[in-house]
Amino acid sequence: MIDRFCSGGRPRPRFSGSIGNKSFRTRHSASVRSPQLKPASQKAALNQSEWLGSNLSSSIGTKIRGLSERICRRLFVRYSMFMEQVQLDICDRYGAAFSPPDGAMKVGISDSALRGEVPLHGLRHQAESGTSGWFIWSGEWSDAADFFKPLHLHHLTEECPAALPFLALPPGWRFMTAPGHEDVWSDDTLLAE
């Protein structure tokens with residue numbers, strides 16, 4: 001792949017034999033082989049999701065660092081597929097049903113969570129009236145009327161990527177996360193309210 005990239009295509013044959021010579025085929029085959037990658041550990045996957053959330057997601061829908069719109073969309077699709085796998089892993093780990101909300105739905109989120117403060121908390125009620133049921137905050141809970149602001153879920157990719165791995169948890173679940181710490185649990189009182 002490196003030879004192809006540097007030479008602008010397939011490696012050019014050397015003038016030391018005929019085109020059908022086995023040495024040319026061997027050189028070409030060696031240039032297109034890819035090393036086999038080992039799957040990352042679950043911890044590495046979560047670290048990768050945080051890195052992707054903070055580094056790639058801000059480029060969605062824009063041209064940055066010379067990348068075309070088409071490449072940005074491809075990165076977003078790969079990021080979404082990766083995040084779905086992380087969400088599946090979290091649901092499996094805690095025995096929760098996989099219940100991802102629609103990206104057009106809204107969450108309630110605090111200013112402290114948008115600033116990236118920790119620990120980050122989240123709880124999910126039943127979805128209703130275009131909301132996903134998710135409320136996300138950092139620090140202490142407040143009953144103030146303006147504590148939670150509405151935000152479409154797809155904006156969390158840019159605004160609060162640390163919450164993304166937990167968003168497929170079903171209604172009646174909570175999470176709390178901070179650097180080096182993760183806690184997820186079921187809370188039936190959320191379904192009664």
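In this predicted model, six strands make up an open sheet with mixed pairing, running in the order β4-β1-β3-β2-β5-β6. The two ends of that order belong to β4 (residues 148-152) and β6 (residues 181-186); each has a single partner strand, so one side of each goes without a neighbour in the sheet. On average, and with direction ignored, neighbouring strands are turned by 20° against each other. Inside the sheet, β2 and β5 run antiparallel to one another, joined over 4 bridges. One of the residues to look at here is Gly122, whose bridge partner in β5 is Phe175.

Stepping back to the whole chain, the secondary structure adds up to 7 helices and 6 strands. Going along the sequence, these elements come in the pattern α-α-α-α-β-α-β-β-β-α-β-β-α. The protein has 193 residues, and 31% of them count as buried. Its accessible surface is about 12300 Å², with 56% of that belonging to carbon and sulfur atoms. As for how the chain contacts itself, take the contacts with a separation of 6 or more: 61% of them are between residues 24 or more positions apart.

A word on confidence is in order. The mean pLDDT of the protein is 74, with 59% of the residues at 70 or more. Among the elements, strand β2 (residues 120-124) has the highest mean pLDDT, at 97, while helix α2 (residues 22-32) has the lowest, at 43. Residues 1-65 have pLDDT below 50, and this stretch makes 63 contacts in the model beyond near neighbours in sequence. Where pLDDT is low, predicted coordinates are not to be read in detail.

Now for the nonpolar interior. The largest nonpolar core holds 24 residues, and Ile109, Ile136, Leu156 and Leu169 have the most contacts inside it. Helix α4 (69-94) and strands β1 (106-110), β3 and β5 (173-178) are the elements that each give two or more residues to this core. The largest share, 4 residues, comes from α4. A second core, separate from this one, has 5 residues, among them Leu123, Trp137, Phe147 and Phe148. In soluble globular proteins, nonpolar side chains do tend to be buried together.

Ile136 gives an idea of the surroundings in the largest core. Not counting residues up to four places away in sequence, Ile136 touches Gly108, Ile109, Ser110, Ala113, Leu120, His121, Gly122, Phe148, Leu156, Ala163 and Leu167.

Ser138 is also in β3, which spans residues 131-138. Ser138 has a relative accessible area of 3%, so it counts as buried. Its contacts, with neighbours within four places left aside, are Ser110, Ser112, Ala113, Glu117, Val118, Pro119 and Leu120. Two of the residues in that list, Val118 and Pro119, are joined by a cis peptide bond, with omega at about 0°. Pro119 sits in the loop between α5 (111-114) and β2.

Another backbone oddity turns up at Ser129, in the loop between β2 and β3. Its phi is near 50°, a positive value in a residue that is not glycine. Most residues other than glycine have a negative phi, and most peptide bonds are trans. With 76% relative accessibility, Ser129 counts as exposed.

Two loop residues flanking β4 round things off. Phe147 is in the loop between β3 and β4, and at 14% relative accessibility it is buried. Beyond its neighbours within four places, Phe147 contacts Ile109, Ser110, Asp111, Trp137, Glu140, Trp141 and Ser142. The C-alpha atom of Phe147 is 8.7 Å from that of Gly108, although 39 residues separate the two along the chain.

Leu153 is in the loop between β4 and α6 (156-159). Leu153 has a relative accessibility of 6%, so it counts as buried too. Outside four places in sequence, Leu153 touches Pro101, Asp102, Gly103, Met105, Lys106, Val107, Ser132 and Leu167. Lys106 is 47 residues away from Leu153 along the chain, yet their C-alpha atoms are separated by 5.5 Å.

Conventions. Residues are numbered from 1 along each chain as its sequence is written. This is a predicted model: local features need pLDDT of at least 70, side-chain atom pairs count only at pLDDT 80 or more; totals for chains, interfaces and linings use all residues. Side-chain values use heavy atoms; hydrogens and water are left out. pLDDT is the predictor's confidence in each residue, from 0 to 100. Contact means heavy atoms within 4.5 Å. Buried means under 20% relative accessible area, exposed over 50%, partly exposed in between (1.4 Å probe, protein chains only). A nonpolar core is a set of buried Ala, Val, Leu, Ile, Met, Phe, Trp, Tyr and Cys residues joined through side-chain atoms within 4.5 Å. Accessible areas come from the Shrake-Rupley method with a 1.4 Å probe; for residues, only the protein chains shown count as cover. Two strands pair if DSSP finds at least two bridges between them. Axes are lines fitted to C-alpha atoms, for helices over the stretch in contact, and angles run from 0 to 180 degrees between N-to-C directions.
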